[in-house]
Amino acid sequence: MLTIKDIARKAGVSQATVSRVINNTKTVKLETRKNIEKIIKELNYKPNPNAVMLGKKSVSAIGIAYSNYL
């Protein structure tokens with residue numbers, strides 16, 4: 001599975017820079033932003049939904065534990 005680490009390695013930048021571009025936060029040089037966006041498009045990168053959920057303060061999943069021991 002493709003990760004931001006792979007995008008960062010190919011772009012020659014940090015994972016934090018890739019994250020800033022993806023989340024459209026912080027200041028990233030226009031040239032760097034365009035290069036990262038180009039690589040994301042070329043590699044057809046899609047964020048992992050589970051990883052995105054870990055970064056949020058609220059979760060939209062429910063866990064259930066079940067045991068058939070009596």
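# Briefing on a four-helix protein chain

At 61% relative accessibility, Asn 24 counts as exposed. The structure containing Asn 24 is a predicted model, and Asn 24 itself is located in the loop between α2 and α3. The secondary structure of the protein chain amounts to 4 helices and 0 strands. The radius of gyration of the protein chain is 17 Å, whereas a compact globule of 70 residues would have a value near 11 Å. The largest nonpolar core comprises 10 residues, and α1, α2 and α3 each contribute at least two residues to this core.

**Overall form and surface**

- Along the sequence, the helices follow the pattern α-α-α-α.
- When taken along the principal axes, the box filled by the C-alpha atoms of the protein chain is roughly 65 × 25 × 15 Å.
- Of the 70 residues of the protein chain, 17% count as buried.
- The protein chain has an accessible surface of about 6100 Å², and carbon and sulfur atoms account for 54% of this surface.
- When contacts between residues at least 6 apart in sequence are considered, 35% of them join residues at least 24 apart.
- The protein chain carries 13 positive and 4 negative charges, and the mean positions of these two sets are 7 Å apart.

**The nonpolar core**

- The members of the largest nonpolar core are Ile 7, Ala 8, Ala 11, Val 18, Val 21, Val 28, Ile 36, Ile 39, Ile 40 and Tyr 45.
- Helices α1, α2 and α3, the last of which spans residues 30-43, each supply at least two residues of this core.
- Ile 36 is part of helix α3 and counts as buried because its relative accessibility is 0%.
- With residues up to four places away in sequence not counted, Ile 36 touches Ile 7, Ala 11, Val 13, Thr 17, Val 18 and Val 21.
- Val 18, with its neighbours within four places in sequence left aside, is in contact with Ile 4, Ile 7, Ala 8, Val 13 and Ile 36.
- Ala 11 belongs to helix α1, and this residue counts as buried because its relative accessibility of 16% is under 20%.
- The contacts of Ala 11, leaving aside neighbours within four places in sequence, are with Asn 35, Ile 36 and Ile 39.
- Ala 11 and Ile 36 are 25 residues apart in sequence, yet their C-alpha atoms are 6.2 Å apart in space.

**Thr 17, a buried residue of α2**

- Thr 17 is situated in helix α2, which covers residues 15-23.
- The relative accessibility of Thr 17 is 16%, and therefore Thr 17 counts as buried.
- Not counting residues up to four places away in sequence, Thr 17 touches Val 28, Thr 32 and Ile 36.

**Loop residues with positive phi**

- Most residues other than glycine have a negative phi.
- Asn 24 is not a glycine, although its phi is positive, at about 55 degrees.
- Asn 44 likewise is not a glycine and has a positive phi of about 55 degrees.
- Asn 44 occupies the loop between α3 and α4, the latter helix covering residues 49-55.
- With a relative accessibility of 52%, Asn 44 counts as exposed because this value is over 50%.

**The N-terminal segment**

- Met 1 is placed in the segment before α1, a helix that spans residues 4-11.
- The relative accessibility of Met 1 is 81%, so Met 1 counts as exposed.
- Leaving aside neighbours within four places in sequence, Met 1 is in contact with Asp 6 and Asn 48.
- Met 1 and Ser 19 are separated by 18 residues in sequence and by 17 Å in space, C-alpha to C-alpha.

**Separations from α3**

- Lys 38 is a residue of helix α3 and is partly exposed, with a relative accessible area of 48%.
- Between the C-alpha atoms of Lys 38 and Asn 48, which are 10 residues apart along the chain, the separation is 19 Å.
- Between the C-alpha atoms of Ile 36 and Tyr 66, which are 30 residues apart along the chain, the separation is 44 Å.

Key:
Residues are numbered from 1 along each chain as its sequence is written. This is a predicted model: local features need pLDDT of at least 70, side-chain atom pairs count only at pLDDT 80 or more; totals for chains, interfaces and linings use all residues. Side-chain values use heavy atoms; hydrogens and water are left out. The radius of gyration is taken over C-alpha atoms; the globule rule is 2.2 Å times the number of residues to the power 0.38. Buried means under 20% relative accessible area, exposed over 50%, partly exposed in between (1.4 Å probe, protein chains only). Contact means heavy atoms within 4.5 Å. Accessible areas come from the Shrake-Rupley method with a 1.4 Å probe; for residues, only the protein chains shown count as cover. Lys and Arg count as positive and Asp and Glu as negative; His and the chain ends are not counted. The place of a charge is taken as NZ of Lys, CZ of Arg, CG of Asp or CD of Glu. A nonpolar core is a set of buried Ala, Val, Leu, Ile, Met, Phe, Trp, Tyr and Cys residues joined through side-chain atoms within 4.5 Å.
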